[in-house]
Structures are given as structure tokens and as C-alpha cells.
Amino acid sequence: MAALIFDCDGVLADTERDGHLPAFNQTFEEFGLPVRWSDQEYAEKVKVGGGKERMRTLLTPEFVAANGLPSDPAALDERVADWHRRKTEIYTGVIRGGHIPPRPGVRRLARAAYEAGWTLAVASTSAEASVRSVLELAVGPELAARFGVFAGDVVRRKKPAPDIYDVAVRSLGVAAADVVVIEDSRNGMLAALGAGLACAVTTSAYTGDEDFDGASLVVTSLGDPPPEETVTRVLGDPLGVRPGPWVSLADLAGLLTASASASAGSGPGTAGPPVDGLPDPGPPGSGTRPRPRPH
């Protein structure tokens, strides 16, 4: 049984610039914090997995003292949790307002995968309420109900650690060799590769210049046929899948076939290099697992 797992922000919808950034800044204003992230500053913050984790980048000793924040770690964690709860409320309101469109191809591919009997899921470091709101926007409430959702603090280590994908694979009861992940960032790609999964990348507003070496496919978007035509541009196709003007479910299935062939051709006991110094964690529980590699 094949499975298709989407990241959320930047994959289901390009939410960072027009959703998360204004929600963070409105939260800072409401709590009287002297912080307003610029677009350029936020382009760096998105490299930190998780909203609370991004907020914690503010918490230097000088910032804590200057703003009368508690020095006790537990009390400070609770303060950040308060900020993040309010930020999530603001953000989900933005999404439900319908001002941020879904990315091309997401609903089409999700529907095709569901009809073909694929397992569907979302794996994200964003809060679960935020993820569910974007998922419903992107694929509609009926199809969204067919998705497994793995989000927020379901794991302690956020992307690029592979933990969220390890949990998703284990919970869905699928084999790693049968999973295609769609990501938009290098951190997300590294998380998928670290879990031994094939990864296709659709670049988004803040990620177009990132290094996606190791991805099975890199495109500007998944694309859509007429009448809402969006033609995808292929940026990297190391497995030779050669998608057409838009990525199809057959193309994603081809990634699994090509990845399996590449892994078999690499010889027994051969695994890819470690991901940015992170050890290859292998399957959930124990052992090591070769990750899909381009030939």
C-alpha cells in the first residue's frame, strides 16, 4: 500500500509570508513585545522548525530582562505557550478567511491518490489546529477527513530530525519504501531522507534558493491542467521520472519504483551519507534503513 505524506506550510499553501509572519507580528504587538519581524528576518526564522521554537529565538537574557519576562524556565515556557496559543488563533483566522489560496496540484494529487487507494497524511511541525485549517483549505473538508495528521508537539525533535516522519510511518502502518513525501524546504527534505523516505520538493516563497541535493524530484510546483493551468518547471530530476507540464500520481509512483531500483543497485548494506551530521535513525524502533538515493 503506497502512501503520500504532505508537509503543510509551503506545500499545501504558501502560508509563511502571508499567514504565519503577520500572525507572529500581531501576537508580539498584542503582548507588548518590541518585535516586528521583517520579511527578510522571517526568511531566516523559517529555518527553525516549530512556531514556539521560533519565538524562543528571541529569549536572550537581555531580551528577557528588558521585557520583564520570568527568569524561571518553567514560567518562561508557559509564557511562550501563551504567545503561541494566541498566534495560532490569529493564524487560523487568516486561513479561514480564505485569503491564501492552496498551492497548485495539491487537491488534484490528493484526490487521485485517495481514489487509487493510497494512504494520505500530513506531517508538520506547526500546531495541529493550524495544520488542520490549512489541510481543509487545500483539499476540502471531506477529503481532509481521510488524512492522518501528525503535527506540533507530537515529537520533541523538530525537522530536520526525522522523528515526525518516523512517527507517521509507524502510525500509518506503511513501509518506508512505499512512502512519497512532498516537502518545500531543505529541513523538511532532510527529515524525510533521514526517515528513509522518497522526497519530492515543491519550492515555495522562502525556499527557492535552498540546497535540495538528495531529493528524488524538485519542481517549482505540482502544477495543474486547464482551466486553472499552472505549468510546473522541473529543477531537479535525478531519478529520470520526467514529469510533464504537471506532476501526476504516476510520476510519484515512478519515484518509488526508481528509488527502489537505485537502492537495489547500490548493493547490500550500502546506505546514503548522514544528513547534516544527524545519524541515520533507521526504522522506528531499531536497526538501520538505507535511504532512497539518486543514481
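Buried residues account for 53% of the 295 residues in the protein chain. The structure is a predicted model, and its chain contains eleven helices and seven strands. The accessible surface comes to about 12,700 Å², and carbon and sulfur atoms contribute 51% of that area. Of the contacts between residues at least 6 apart in sequence, 63% join residues at least 24 apart.

The helices offer a suitable starting point. Helix α5 spans residues 73-96 and helix α7 spans residues 128-139; the two pack with their axes 9 Å apart, at an angle of about 5 degrees. Since angles under 35 degrees count as roughly parallel, α5 is described as roughly parallel to α7. On the side of α5, the contact is formed by T88, Y91, T92, I95 and R96, and on the side of α7 by A129, S130, S133, V134 and L137. By class, the residues of this contact comprise five nonpolar, four polar and one charged.

One residue of this contact may be examined more closely. S130 is located in helix α7. Its relative accessibility is 2%, and S130 therefore counts as buried, the limit for that class being under 20%. Apart from residues up to four places away in sequence, S130 touches T88, Y91 and T92. These three residues are among those that α5 brings to its contact with α7.

Helix α7 also packs against helix α6. The axes of α6 and α7 are 8 Å apart, and the angle between them is about 85 degrees. Because angles of 65 to 115 degrees count as roughly perpendicular, α6 and α7 are described as roughly perpendicular to each other. Here V106, R107 and A110 of α6 meet E136, L137, A138 and V139 of α7. This contact has five nonpolar residues, no polar residues and two charged residues. L137 takes part in the contact of α7 with α5 and also in the contact of α7 with α6.

Helix α6 itself, residues 106-115, has V106, L109, A110 and A113 as buried residues. Around the helix axis these residues cover an arc of only 100 degrees, so they lie on the same side of α6. Just after this helix, G117 adopts a positive phi of about 85 degrees.

Another helix is linked to this region by L249, which is placed in helix α11, residues 249-265. With a relative accessible area of 15%, L249 is buried. Its contacts, leaving aside neighbours within four places in sequence, are with L109, A112, A113, A116 and W118. Two of these partners, L109 and A113, are among the buried residues of α6. L249 and L109 are separated by 140 residues in sequence, yet their C-alpha atoms are 6.2 Å apart in space.

Attention now turns to the strands and the loops that follow them. A198 belongs to strand β5, and at 1% relative accessibility A198 counts as buried. A198 and A215 are 17 residues apart in sequence, with a distance of 7.3 Å from C-alpha to C-alpha. The loop between β5 (198-202) and β6 (217-219) holds T203. T203 is buried, with a relative accessible area of 11%. Excluding residues up to four places away in sequence, T203 touches R103, D184, G208, F212, V218, V219, T220 and L235. Of these partners, V218 and V219 fall within the residue range of β6, whereas L235 falls within that of β7 (234-236).

Several loops also carry particular backbone features. The peptide bond from K159 to P160 is cis, with omega near 20 degrees; P160 lies in the loop between β3 (148-151) and α9 (163-172). A cis peptide bond likewise joins P226 and P227, where omega is about 10 degrees. P227 is situated in the loop between β6 and β7. Farther along the chain, R242 has a positive phi of about 55 degrees, although R242 is not a glycine. R242 is found in the loop between β7 and α11. At 65% relative accessibility, R242 counts as exposed, in contrast to T203, a loop residue that is buried.

Terms used:
Residues numbered from 1 in each chain as written. Predicted model: local features only at pLDDT ≥ 70, side-chain atom pairs only at ≥ 80, totals over all residues. Heavy atoms only, no water. Helix = DSSP H or I, 4+ residues; strand = E, 2+ residues; numbered from the N terminus. Buried < 20%, exposed > 50% of the residue type's maximum accessible area, 1.4 Å probe, protein only. Contact = heavy atoms within 4.5 Å. Areas by Shrake-Rupley, 256 points an atom, 1.4 Å probe, with all protein chains shown as cover. Axes fitted to C-alpha atoms, helices over the stretch in contact; angles between N-to-C directions. Parallel < 35°, antiparallel > 145°, perpendicular 65-115°, else oblique. Nonpolar A, V, L, I, M, F, W, Y, C, P; charged D, E, K, R; others polar. Arc of directions from axis to C-beta.
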